[in-house]
Amino acid sequence: MSDVARILGFDVGERRVGIAVTDALGMAQPLITMGRSTQKEELRNIARLVRKHNVTAMVVGHPRNMDGTASAQTLKCEAYAAVLQEHFAMPVHLQDERLSSAEADAWLDARGYPRGAERKGLLDRVAAMVILQDWMDAQDGTNIAQSDAP
């Protein structure tokens, strides 16, 4: 187990959840892509990550339409964040994720990752990295312990 407190980031989709984690320097790194399953199974898998990485907070991507309005996926991600907060009793923050997939796609292109079926899972965890890093970049270090989850 790591002795440095870490933060997990989530890009929640219908079929997969991309997960990223902060490293020892506080920078977001892609971690895993988890296939969607039962809530119990997902929470068990996330609990393993929480223990392994000494996680003290989480950031969930908050999808909005380009005009800022909520969509059906917005409500699903808010509910996901609320479940995480209740289950893990730690701060869970919401982060605007507009254009995170496009940023993740560009990140993979810049590093020469080929397009194809395998790229989808990688794209999800890189999108989680973008979401987590965007949240980290927006912090002044004072509100990490407070939750934004509904």
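A residue counts as buried when its relative accessible area is under 20% and as exposed when that area is over 50%. Keep this cut-off at hand for the exercises below, and remember that the model is predicted.

**Exercise 1. Work out whether Asp11 is buried or exposed, and describe its surroundings.**

Step 1. Start with the location: Asp11 sits in strand β1.

Step 2. Apply the cut-off. The relative accessible area of Asp11 is 7%, so this residue is buried.

Step 3. List the neighbours. Leaving out residues up to four places away in sequence, Asp11 touches Arg16, Val17, Gly18, Glu97, Asp124, Ala127, Ala128 and Ile131.

Step 4. Pick one of these partners and check its place along the chain. Ala128 is 117 residues from Asp11 in sequence, yet 4.7 Å separates their C-alpha atoms.

**Exercise 2. Describe the fold of the chain and test its radius of gyration against that of a compact globule.**

Step 1. Take stock of the elements: there are four helices and five strands.

Step 2. Put them in order. Along the sequence the pattern reads β-β-β-α-β-α-β-α-α.

Step 3. Compare the radii. A compact globule of 150 residues would have a radius of gyration near 15 Å; the chain has 14 Å, so the two agree.

Step 4. Add the outer dimensions: along the principal axes, the C-alpha atoms fill a box of roughly 40 × 35 × 35 Å.

Step 5. Look at the contacts with a separation of 6 or more. Of these, 65% join residues 24 or more positions apart.

**Exercise 3. Find which residues touch the most other members of the largest nonpolar core, then follow Met58.**

Step 1. Name the residues. In this core of 23 residues, Leu8, Phe10, Ile46, Met58, Val60, Leu84 and Phe88 touch the most other members.

Step 2. Trace the core to its elements. Two or more residues come from each of β1 (6-12), β2 (16-22), α1 (39-53), β4 (55-62), α2 (72-88) and β5 (92-96).

Step 3. Note that another core lies apart from this one; it has 17 residues, among them Ile7, Leu122, Ala128 and Leu132.

Step 4. Now follow Met58. Beyond four places in sequence, its contacts include Ile46, Val50, Leu84, Phe88 and Pro91.

**Exercise 4. Summarise burial, surface and charge for the chain.**

Step 1. Burial: 43% of the 150 residues are buried.

Step 2. Surface: about 7900 Å² is exposed, with 53% supplied by carbon and sulfur atoms.

Step 3. Charge: the chain carries 17 positive and 20 negative side chains, and the centres of the two sets are 8 Å apart.

How values were computed:
Residues numbered from 1 in each chain as written. Predicted model: local features only at pLDDT ≥ 70, side-chain atom pairs only at ≥ 80, totals over all residues. Heavy atoms only, no water. Rg over C-alpha atoms; globule rule 2.2 N^0.38 Å. Buried < 20%, exposed > 50% of the residue type's maximum accessible area, 1.4 Å probe, protein only. Contact = heavy atoms within 4.5 Å. Areas by Shrake-Rupley, 256 points an atom, 1.4 Å probe, with all protein chains shown as cover. Lys, Arg positive; Asp, Glu negative; His and termini not counted. Charge placed at Lys NZ, Arg CZ, Asp CG, Glu CD. Core = buried A, V, L, I, M, F, W, Y, C linked by side-chain atoms within 4.5 Å.
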